[in-house]
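Hi,

Here's the structure I promised to pass on. Have a look at it first, and then read on for what turned up when I went through it.

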Amino acid sequence: MKRTALALAAMSICAAPALAASITLKFDSDNGNDQQAVFHDDGTMTSAAGNGTYTYDEATSKMCIESDAYNGCLIFDDPKNEVGHASAYTGDNGASGTATVIAVEE
């Protein structure tokens with residue numbers, strides 16, 4: 001569950017509130033714990049693993065999340081909010097993988 005939430009946190013980084021009303025990310029974790037989450041511009045996120053809140057710092061590409069399943073931060077290598085864009089991420093717990101934007105709503 002913790003790696004799932006971490007992946008969700010990573011997704012939210014790609015969904016900076018100023019960029020879109022919501023963004024849906026698919027996390028392909030290096031450990032095989034793949035997940036999907038929707039990040040809303042009001043700082044909330046929803047996923048099958050649970051709901052929570054997130055913050056994103058554009059200057060550092062760092063997203064921090066608090067949810068029922070995970071509390072931690074992710075750093076993205078190359079975040080963007082375009083459908084199909086993929087970015088590697090690393091979590092503060094050592095988790096890593098690739099987050100892909102699969103939907104954007106403005």
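Let me start in the middle of the chain, where E3 and E4 run antiparallel and are joined by two bridges. In that pairing, Thr44 sits opposite Thr53 of E4. Four residues lie between the two strands in this hairpin, and Gly50 there has a positive phi near 140°. One thing to keep in mind throughout: this is a predicted model.

On its other side in sequence, E3 goes with E2. Those two are antiparallel as well, with three bridges, and Ala37 faces Ser47 of E3. The E2–E3 hairpin has three residues between its strands, and here the glycine with a positive phi is Gly43, near 85°.

E3 itself covers residues 44–47, and its side chains alternate. Met45 and Ser47 point to one face and are buried, while Thr44 and Thr46 point to the other face and are not buried. So if you're looking at the strand on screen, you can follow that in-and-out pattern residue by residue.

Now the wider view. The protein chain has one helix and eight strands, and the helix comes first: from the N terminus the order is α-β-β-β-β-β-β-β-β. There are 106 residues, 47% of which count as buried. The chain exposes about 4,900 Å², with carbon and sulfur atoms supplying 46% of that area. As for how the chain comes back to itself, take the contacts between residues at least 6 apart in sequence: 44% of them join residues at least 24 apart.

What about the inside? The largest nonpolar core has 16 residues, and the ones with the most contacts inside it are Phe27, Phe39, Met63, Ile65 and Phe76. Six strands each supply at least two residues of this core: E1 (22–29), E2 (35–40), E4 (52–57), E5 (62–67), E6 (71–76) and E8 (96–105). E1 gives the largest share, three residues. As a general point, nonpolar side chains in soluble globular proteins tend to be buried together.

E1 is also worth following for its pairing. E1 and E8 are antiparallel partners over eight bridges, and Ile23 stands opposite Val104 of E8. E8 has a second antiparallel partner in E7 (residues 86–91), this time over five bridges. There, Ala86 has Thr100 of E8 as its bridge partner. The E7–E8 hairpin has four residues between the strands, and Gly94 takes a positive phi near 95° in it.

Next, the charged residues. How many salt bridges does the structure hold? The count is two. One is between the side chains of Lys26 and Asp28, at 2.4 Å from N to O. The other brings together the side chains of Asp78 and Lys80, at 3.1 Å from N to O. In general, side chains of opposite charge can pair when their charged atoms come close.

Are these residues buried or exposed? Each falls in between, because partly exposed covers the range from 20% to 50% relative accessible area. Lys26 comes out at 29% and Asp28 at 27%. For the second pair, Asp78 has 35% relative accessibility and Lys80 has 34%.

If you only have time to click on one residue, I'd suggest Asp28, which is in strand E1. Besides its salt bridge with Lys26, Asp28 reaches parts of the chain that lie well along the sequence. Setting aside neighbours within four places in sequence, Asp28 is in contact with Asp34, Tyr89, Gly97 and Thr98. Tyr89 is 61 residues from Asp28 in sequence, yet their C-alpha atoms are 9.9 Å apart in space.

Shout if you'd like to go through any of this together.

Cheers

Conventions:
Residues are numbered from 1 along each chain as its sequence is written. This is a predicted model: local features need pLDDT of at least 70, side-chain atom pairs count only at pLDDT 80 or more; totals for chains, interfaces and linings use all residues. Side-chain values use heavy atoms; hydrogens and water are left out. Buried means under 20% relative accessible area, exposed over 50%, partly exposed in between (1.4 Å probe, protein chains only). Contact means heavy atoms within 4.5 Å. Accessible areas come from the Shrake-Rupley method with a 1.4 Å probe; for residues, only the protein chains shown count as cover. A nonpolar core is a set of buried Ala, Val, Leu, Ile, Met, Phe, Trp, Tyr and Cys residues joined through side-chain atoms within 4.5 Å. A salt bridge is a side-chain nitrogen of Lys or Arg within 4 Å of a carboxyl oxygen of Asp or Glu. Two strands pair if DSSP finds at least two bridges between them.
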